[in-house]
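Subject: Structure handover

Hello,

Here is the structure I said I would pass on, followed by notes on what turned up in it. Please read the notes with the structure open.

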Amino acid sequence: MRTIRFFCALILLLTGSFELTYGQTGVTARRVSGRIYFDRNGNGQRDTAEGAFPTPLMLGNLGRPQYQTDTLPTGFYEINLDTTTYDIRVLQTPPHYRLTEGATGHSGFIQAPIQADTGRNFGVAPLAPNLADVRLTLTPHTAARVGRVLRYRARLENVGTQWVPAGQVFVSTDPLMTLLGALPPPTITRPTVQTWNFANLAPMEVRHFEVRVTLPVTTTIGTPLRLFALADIDTTRDLNPADNADSLRQTVVSSFDPNCISVNHTLLSPTQVQAGAPLDYLVQFENLGNDTAFAVTIQDTLPAALMQMGTLQVIATSHNCMWRVTGGGLLSIGFPHIRLPYQGIDALLSSGFVRFRLKPKTTLRIGTLIPNAAHITFDFNAPIATNDVATLVGSPTATPALLAETVGWTLYPNPATSRLTILAETAAAGSATLTLLDGLGRVVRTEEHVVGVGAQQLPVDLQGIPAGLYVVRLTLPGGGTGTRRLVVGGGG
């Protein structure tokens, strides 16, 4: 019976009917539907000119372990019910937006076995008209392998409520990498830093920037790689500049199964758990068959008893997808029209990914293990199991070694004139010391910066610094220290 249901789900997925049965334990006729729309005038009703809210929102049927997003470009959603009562609510709204229609949810009772409650709409409106906030993520398409073209995607999103008139996106690749190209064509190209100028970024608009690189054939397996990305706008106006940057670390691997899952933390301290540090999962897949994959599905049974399921967010994908979470924490992600070429005919475009995050419960104790794995299905083939990953809630005595780990850092532009930005990542919060030394080793300037956990953006004012060759020394919390050469006065 399970095989029949799964086969039917795949047929519906291929025909675009994802919303009716995908991820359910059977076909049901009781359902609730409506639209999630952009309530631009905030009047709490869907006017003729008001279309779908641009970003998918997470819906939940309270009292049931059931979550999903609105998945169609029209903002239409449809939730199947396995009970006669329902209480549908939007569980997460963007930080600078509010619900107008449907603010307290939609509840009801469906007695008949074949019935639909329609028109249960949700309106989303800005909290205020002039809130500036952009968000950037950097995600790899595949693992880092020698002899392959490696693709990295920076995703820029305007999560504020006003247009961003202008800005720049920087992607810094590892010095070991050789640049092959970038899309769209960068405004400025350097061996390890690509710069794009952008303009007129609308509220909730998303833009993508991609770099393609290779590694030397002499690169040793196990070599660590570090990449960084930054969205640069007027940070004095950005309400949350901390999410303008993202960092990525990879390790060079040999031949491996490209259908895999990874997690950002293999160890979490109790302090991190209580603070709500999210687990960031990346599922990567590649078509190694001998024909086009018309649909790809990913199923991941999350450990619902250990996680705050309502915090789940899909933050980056290689292709358009639809997803939902149903009973027992089953996350189902569908790429119904992906048309993924096979590796033998197009190695560059044969891969894809989905990146999602959620928070563990704050009550987890030391010694708790959070496991995870996924299954990937290409069309009607048997599901492919990924590797297993796990996160351990570690003892406080084990935490300092983890938190002292310095992942890496970079600086740009280089050469620079009046302004320098340092992008660093560390697992510890505290004070970072930046020291600028001249060519004779004399200290020219010392600055202290308060940093948190994760990617950090540190601005450095170079006004008054004479042109010449300098060394920048950065000491991060936990004692990790590194140096970089800097040319001042050669153009920024």
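Val 169 has Ala 231 in strand 17 as its bridge partner. This is a predicted model, and everything below should be read in that light. The two strands concerned are strand 12 (residues 164–172) and strand 17, which pair in the antiparallel sense over 5 bridges. Strand 17 also pairs with strand 18, again antiparallel, over 7 bridges. Within that pairing, Leu 230 has Ala 245 in strand 18 as its bridge partner. Of the 9 residues of strand 17, 7 are buried, so the strand is largely enclosed by the rest of the structure.

These strands belong to an open sheet of 5 strands with antiparallel pairing, in the order 14-15-12-17-18. Its edges are strand 14 (188–189) and strand 18 (245–251); each has a single partner strand, so one side of each is left without a neighbour in the sheet. Strand 14 is joined to strand 15 (residues 193–201) by 2 bridges, and the two run antiparallel. There, Ile 188 has Thr 195 in strand 15 as its bridge partner.

A second open sheet has 3 strands in the order 20-30-27, and its pairing is mixed. Strand 20 (267–268) and strand 27 (369–372) are at the edges with a single partner strand each, so each has one side without a neighbour in the sheet. Strand 27 and strand 30 (residues 389–393) run antiparallel and are joined by 4 bridges. One of the residue pairs here is Leu 369 with Leu 392, the latter in strand 30.

Next, the charged pairs. The model has 15 salt bridges. Three of them are described here.

Arg 145 and Glu 286 form a salt bridge through their side chains, at 3.6 Å from N to O. Arg 145 sits in the loop between strand 10 (134–140) and strand 11 (150–158), while Glu 286 is in strand 21 (residues 279–286); the pair links distant parts of the chain, 141 residues apart. Are these two residues buried or exposed? Arg 145 has a relative accessible area of 15% and is buried. Glu 286, at 2% relative accessibility, also counts as buried. The cut-off for buried is under 20% relative accessible area.

Arg 151 and Glu 210 also meet in a side-chain salt bridge, at 3.1 Å from N to O. Arg 151 is in strand 11 and Glu 210 is in strand 16 (residues 206–214), so this salt bridge ties together parts that are 59 residues apart in sequence. Both Arg 151 and Glu 210 are buried.

Arg 419 forms a salt bridge with Asp 232, with the closest N and O atoms 2.8 Å apart. Since Arg 419 lies in strand 32 (residues 419–426) and Asp 232 in strand 17 (residues 224–232), the pair ties together parts that are 187 residues apart in sequence. Arg 419 is partly exposed, with a relative accessible area of 46%, whereas Asp 232 counts as buried at 10% relative accessibility.

Apart from these pairs, Arg 135, Arg 155, Glu 157 and Asp 243 are joined into one network by salt bridges that share partners.

On the nonpolar side, the largest core has 35 residues, and Tyr 281, Phe 285 and Ile 298 touch the most other members. Strand 21 gives the most residues to this core, namely 4. Leaving aside residues up to four places away in sequence, Tyr 281 touches ten-odd positions that are easiest to read as a list:- Ile 261, Ser 262 and Val 263
- Val 354, Arg 355, Phe 356 and Leu 358
- Ile 370, Asn 372 and Val 389

A second, separate core has 27 residues, among them Met 177, Phe 209, Leu 225 and Leu 227.

Last, the empty space. How many cavities of 30 Å³ or more does a search of the whole structure find? The search finds 1. The volume of the largest cavity is about 40 Å³. Its lining is made up of His 141, Thr 142, Arg 148, Val 149, Arg 151, Ala 347, Leu 348 and Ser 351. Arg 151 is thus in the lining and is also the partner of Glu 210 in the salt bridge above.

Regards

Definitions and conventions:
Residues numbered from 1 in each chain as written. Predicted model: local features only at pLDDT ≥ 70, side-chain atom pairs only at ≥ 80, totals over all residues. Heavy atoms only, no water. Salt bridge = Lys/Arg side-chain N within 4 Å of Asp/Glu carboxyl O. Buried < 20%, exposed > 50% of the residue type's maximum accessible area, 1.4 Å probe, protein only. Pairing = 2+ DSSP bridges. Core = buried A, V, L, I, M, F, W, Y, C linked by side-chain atoms within 4.5 Å. Contact = heavy atoms within 4.5 Å. 1 Å grid on protein atoms, 1.4 Å probe; cavity = no way out; pocket = protein on both sides within 12 Å on 5 of 7 lines; lining within 4 Å. Points joined across faces, edges and corners; volume = space filled by probe spheres on them.
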